[in-house]
Amino acid sequence: MSVLSSGQPARGLLPLYLGLTLLSLNGLFAKLIPLDAFSITQMRSVIAIGGFYLFCRAYRVPLRVTNIRHLAGIYGLGLVMGVHWGTFFHAMQISTVAVGILALFSYPMITILLEPIFTRRRLEIRDLASGILVMVGLLIMVWQDLGVGFSGSILQGAAWGVFSALLFSLRNLCQKYFFASVPSGTLMFHQLVAIALLFLPFVNLSATRVLSGYDWLLLVMLGLLGTAAAHTLYTVSLKLLAAKTVSLVGCMQPVVSILLAWIIIQEAPSVAVVIGGAIILLVAVAESVVRH
């Protein structure tokens, strides 16, 4: 049985695969751009605003938010998303692309554990069991660093990645339950503006002055391709495909990111990271199937 929405053409897979590929490049940008994670986060947002504005105009997405409380809440979510991006990039910078992105993909499980706070429903035993499996996967990933404490790069990267996943889950849940009436394009545009403004004081200006033309090219590619274009393509694919399709294909992002890092910057994951990460991804895939 096809996982495509009834009556929707298979052409929706093209923007989904393109969006997945562009998002998978973000790990390389984190490693190749010689700036700290929060400087990259602010600058990618400034660049992405232009691209996302064009998307909103092309699809006639309204940009004005007339409700002041909604606007304040959206900018608060922008702050959360900015810290999520920054901590995710920091996780990859201090460890590896594999550790950072696999730790981030604990977010489906974190979302399931947090959602009852918003819905006032009880957790199911299956959800708790899945959460334990994710913890097992994370422990296997960082096993080699447990003997040296928090000074180990893998343990630090995993910790920052899980914290980033927590922020990502909170941002998604708040959008779902408090801002369901606001178009997703409107939300994304104003969150980008919030990051660009609120993170401006944290930009390392002295480091930006010595960036080469190649470094600036990477920043532009991250802002336009890895941010604006990638999120636009995902939005388009959600209109053409079933949610389960998008969720399942999205679970391939860590695999693509790790392969790209392995091929391009010769960053091979350890056996422990592969085994632990495989457990985390299996739980993510299983939850995507069950919940959709």
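A residue is called buried when its relative accessible area is under 20%, exposed when that area is over 50%, and partly exposed in between, with a 1.4 Å probe and protein chains only. By this scale valine 255, at 32% relative accessibility, counts as partly exposed.

The structure is a predicted model, in which local features need a pLDDT of at least 70 and side-chain atom pairs count only at pLDDT 80 or more, while totals for chains, interfaces and linings use all residues. Residues are numbered from 1 along each chain as its sequence is written, and side-chain values use heavy atoms, with hydrogens and water left out.

**Overall architecture**

The protein has 14 helices and zero strands; both kinds of element are DSSP runs numbered from the N terminus, helices being H or I with at least four residues and strands E with at least two. The radius of gyration is 19 Å, close to the 19 Å that the globule rule gives for 292 residues, so the protein is as compact as a globular protein of that length. That radius is taken over C-alpha atoms, and the rule is 2.2 Å times the number of residues to the power 0.38. The C-alpha trace spans about 55 × 50 × 35 Å along its principal axes.

Of the 292 residues, 49% count as buried. A contact means heavy atoms within 4.5 Å; among contacts between residues at least 6 apart in sequence, 87% join residues at least 24 apart. The exposed surface is about 14,100 Å², and carbon and sulfur atoms supply 69% of it; accessible areas come from the Shrake-Rupley method with a 1.4 Å probe, and for residues only the protein chains shown count as cover.

The protein carries 17 positive and 8 negative charges, whose mean positions are 16 Å apart. Lys and Arg count as positive and Asp and Glu as negative, whereas His and the chain ends are not counted. Each charge is placed at NZ of Lys, CZ of Arg, CG of Asp or CD of Glu.

**Confidence**

The pLDDT, the predictor's confidence in each residue from 0 to 100, averages 89, and 95% of the residues score at least 70. Over residues 1-7 the pLDDT is below 50; beyond near neighbours in sequence, this stretch has 11 contacts in the model. Among the helices, confidence is lowest in H12 (residues 243-250), at a mean of 79, and highest in H4 (residues 68-94), at 96.

**Individual residues**

Histidine 70 is found in helix H4 and is partly exposed, with a relative accessible area of 21%. Not counting residues up to four places away in sequence, histidine 70 touches Val65, Phe178, Phe179, Ser181 and Val182. Histidine 70 and valine 182 are 112 residues apart in sequence and 8.7 Å apart in space, C-alpha to C-alpha.

Asparagine 26 lies in helix H2 (residues 26-32) and is buried, at a relative accessible area of 6%. With residues up to four places away in sequence left out, its contacts are Arg44, Phe89, Met92, Leu222 and Gly226.

Valine 255 belongs to helix H13 (residues 253-264). Its C-alpha is 23 Å from that of threonine 41, a residue 214 places away in sequence.

Two non-glycine residues with positive phi are listed below, both in loops.

| Residue | Phi | Loop | Relative accessible area |
|---|---|---|---|
| Arginine 120 | about 60 degrees | between H6 (107-119) and H7 (125-142) | 80%, exposed |
| Glutamine 266 | about 55 degrees | between H13 and H14 (271-291) | 61%, exposed |
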